[in-house]
Amino acid sequence: MHIIITGCDKTGKSFLARELSKKLYFPVVNRLCPKQNIFIECVDFLTQTKDSMIVDRFHIDEEIYGPLKRGQSRFDFRQYKIIDLLLLSLRTINIYCYDSEDKIVDRLNSSLEDSYIDSTEVSQVLNMYDSAIKNSSLSWYK
């Protein structure tokens, strides 16, 4: 069983992943650091990994941050849907971490850590996640 955690920066994804890891003894992996082909690496991960894992960011995050930061996703529509359906068939537990725009902006502004987004992008990122979650074939716990 895999637990997929997604959401905007500074919504507690990594914290939740660490806490679940402590309770369930599942390792945490980040799957949006591909070495070559993100689609093949995501499919291989899902089809070849037998142990349960907590996945901090996965395909839906690429649909948000790819267009925002690079002008396009590294997935085409078919690849995205294949991964969605593969996750559905594996009965993953899918968690969407969310918070208000104001709270996320406050955390970004007060954080000493680097973030992938800046405070001016939060509204757009939240809108993109809302759309992606609604269009997903998966059930998401918010």
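**Helix α6 and the tyrosines of a predicted model**

Me: Which residues of α6 are buried?
Reply: In this predicted model, the buried residues of α6 are Val122, Val125, Leu126, Tyr129, Ala132 and Ile133.

Me: How do you know that the buried residues line one face of the helix?
Reply: Looking down the axis of α6, one finds its buried residues within an arc of 130°, so they line one face of the helix. On the other side of α6, Lys134 and Asn135 are exposed.

Me: What covers the buried residues of α6?
Reply: The cover includes the strands β1 and β4, and also the helices α3 (59-70), α4 (77-90) and α5 (101-110). Helix α6 itself, residues 122-135, lies across β1 and β4 and runs at about 155° to β4.

Me: How do you know that the span of α6 agrees with its 14 residues?
Reply: At 1.5 Å a residue, the helix should span 20 Å, and its end C-alpha atoms are 20 Å apart, which agrees.

Me: What makes β2 and β4 the edge strands?
Reply: The four strands form an open sheet with parallel pairing, in the order β2-β3-β1-β4. Within that sheet, β2 (28-29) and β4 (93-97) each pair on one side only.

Me: Why do β1 and β3 count as paired?
Reply: Pairing needs at least two bridges, and β1 (residues 2-7) and β3 (residues 53-56) pair in the parallel sense over four bridges, so the requirement is met. As for one residue of β1, the bridge partner of His2 in β3 is Met53.

Me: Why is the pair of Tyr65 and Tyr116 called edge-to-face?
Reply: The ring centres are 5.4 Å apart, which is within the limit of 6.5 Å, and the planes stand at 70°, which is over 60, so the pair counts as edge-to-face. This pair links distant parts of the chain, since Tyr65 is in helix α3 and Tyr116 is in the loop between α5 and α6, 51 residues apart.

Me: Why is Tyr65 called buried, and why is Tyr116 called partly exposed?
Reply: Tyr65 has 5% relative accessibility, which is under 20%, so it counts as buried. Tyr116 has a relative accessible area of 43%, which falls between 20% and 50%, so Tyr116 is partly exposed.

Me: Why is the pair of Tyr96 and Tyr98 called tilted?
Reply: The centres are 6.1 Å apart, within 6.5 Å, and the 50° between the planes is neither under 30 nor over 60, so the pair counts as tilted. Tyr65, Tyr96, Tyr98, Tyr116 and Tyr129 form one aromatic cluster.

Note on methods:
Residues are numbered from 1 along each chain as its sequence is written. This is a predicted model: local features need pLDDT of at least 70, side-chain atom pairs count only at pLDDT 80 or more; totals for chains, interfaces and linings use all residues. Side-chain values use heavy atoms; hydrogens and water are left out. Helices (H or I, at least four residues) and strands (E, at least two) are DSSP runs, numbered from the N terminus. Contact means heavy atoms within 4.5 Å. Axes are lines fitted to C-alpha atoms, for helices over the stretch in contact, and angles run from 0 to 180 degrees between N-to-C directions. The expected span of a helix is 1.5 Å times one less than its number of residues. Buried means under 20% relative accessible area, exposed over 50%, partly exposed in between (1.4 Å probe, protein chains only). The arc is that of the directions from the helix axis to the C-beta atoms. Rings of Phe, Tyr and Trp (its six-membered ring) pair if their centres lie within 6.5 Å; planes under 30 degrees apart count as stacked, over 60 as edge-to-face and the rest as tilted.
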